[in-house]
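User: I'm new to this one. Can you walk me through it?
Analyst: Sure, here it is.
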Amino acid sequence: MASDDSQLLAGSIGFIGLGAMGKPMVMNLASRLPASSHLYIHDVVAAAVDDVAQLCASLPINVVRCSNGKEVAERSDIVLTMLPEGAHVKSVYLDPTTGIIAALSSIRPSSLNTEKLLIDSSTIDTATNLHVKDKLSPFTRSFYDAPVSGGVIGAVNATIAFFLGCSPSDRNVSRLTSLLQPMGSKVIPCGGPSLGLAAKLSNNYLSGIITIACAEAMDMGMCAGIDAEVLASVFAAGTAQNTICDVFNPVPGVCPKAPSSNGYKNGFRVQLMRKDFGLAMDMARRLGTRNALGASGLGVYSAASEAADCKDLDSRVVYRYLGGKEDWKTETNNHVKKGEH
């Protein structure tokens, strides 16, 4: 974490997109801002804006509701966005009337040092990101992709990782790192524009495949008669060790804080994993890479996204979709009470 809060900003900060990820991110940021700082917020859902404003009421900062991206950008030196899809990113940044570009086009910087710093943490396709960057280029060179990994739990606990679309030698790296660290545990420069997104899509492709494999392996071992917690400890001690099994285990009751242990609620929605997995597959096709497990993985997430008992729940609900046993702990307790071995 940055040791000096004064490094966080050179003025005022704007945040657009106050959903499941954006809300905890902006709250962690707000709690670290110096007294009397100004935080300008916007979301298309008015209740989300009101909620954040109310939660910030006890902080020594000034929180201002804004009506659109243009207003946020006009009043902020730094703007962060966390939006659902590429179409939303295009609208927020490029709408000629209400978008951020409308503010930039009327405020020509006198030097690179006075450019507004724009950071998009949305997970979208690299082509859209580069399109937005190109359209903004006459007004600023300080637009960065900075998607995150760690899910809602990571956003709440400020342990998400930021994958930054720039080189380690970029002139803004120090400023970007100081700004992003209060919201996450790591900031990793990935090499250049859109490469933060390329890293994120590669990460989510791998994470999605591991989730399916973990769900299948847990189900297989449990059906053979191994206790779920014992099986998870085996994976943790062996070559199968992975964060999904250790922290986000898809089997209810193995990891008490995992979404699976709370009815698969408040996690990374299965539709979002399907979206990210699809974006990763699109990137693979453009690059000509061979992804042998991709079609199968995308098929699982697509079907789970449409299943009535899985839709809108955490992506680890694929364990349920694949027919995994969820009430294993109750059955185990009943066997113990009956003296069965």
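Analyst: Let's start with a term. A disulfide here is a pair of cysteine sulfur atoms within 2.5 Å. Keep in mind that this is a predicted model.
User: OK. How many disulfides does a search of the whole structure find?
Analyst: The count is 0.
User: Why is there no bond between C245 and C214?
Analyst: Their sulfurs are 4.2 Å apart, which is too far for a bond because the cut-off is 2.5 Å. C214 holds the cysteine sulfur closest to that of C245.
User: And is C245 buried or exposed?
Analyst: Buried, with 2% relative accessibility.
User: What about C66: which cysteine has the closest sulfur?
Analyst: That is C56, at 13 Å. Again, this is too far for a bond. C66 is buried too, at a relative accessible area of 7%.
User: New topic. Where is S122 found?
Analyst: S122 sits in a loop. Before the loop comes β5 (117–120), and after it comes α6 (126–136).
User: Is S122 buried or exposed?
Analyst: S122 is buried, with a relative accessible area of 1%.
User: What does the side chain of S122 pair with?
Analyst: One partner is the side chain of D120, through a polar contact of 2.6 Å. A polar atom of the S122 side chain also lies 2.8 Å from the backbone nitrogen of L83.
User: Which residues does S122 contact beyond four places in sequence?
Analyst: They are T81, M82, L83, V89, P147 and L197. So L83 turns up twice for S122: in this contact list, and through its backbone nitrogen.

Key
Residues are numbered from 1 along each chain as its sequence is written. This is a predicted model: local features need pLDDT of at least 70, side-chain atom pairs count only at pLDDT 80 or more; totals for chains, interfaces and linings use all residues. Side-chain values use heavy atoms; hydrogens and water are left out. Helices (H or I, at least four residues) and strands (E, at least two) are DSSP runs, numbered from the N terminus. Buried means under 20% relative accessible area, exposed over 50%, partly exposed in between (1.4 Å probe, protein chains only). A polar contact is a pair of N or O atoms within 3.5 Å; within protein, one must be able to donate a hydrogen and the other to accept it, and residues adjacent in sequence count only if both atoms are side-chain atoms. Contact means heavy atoms within 4.5 Å.
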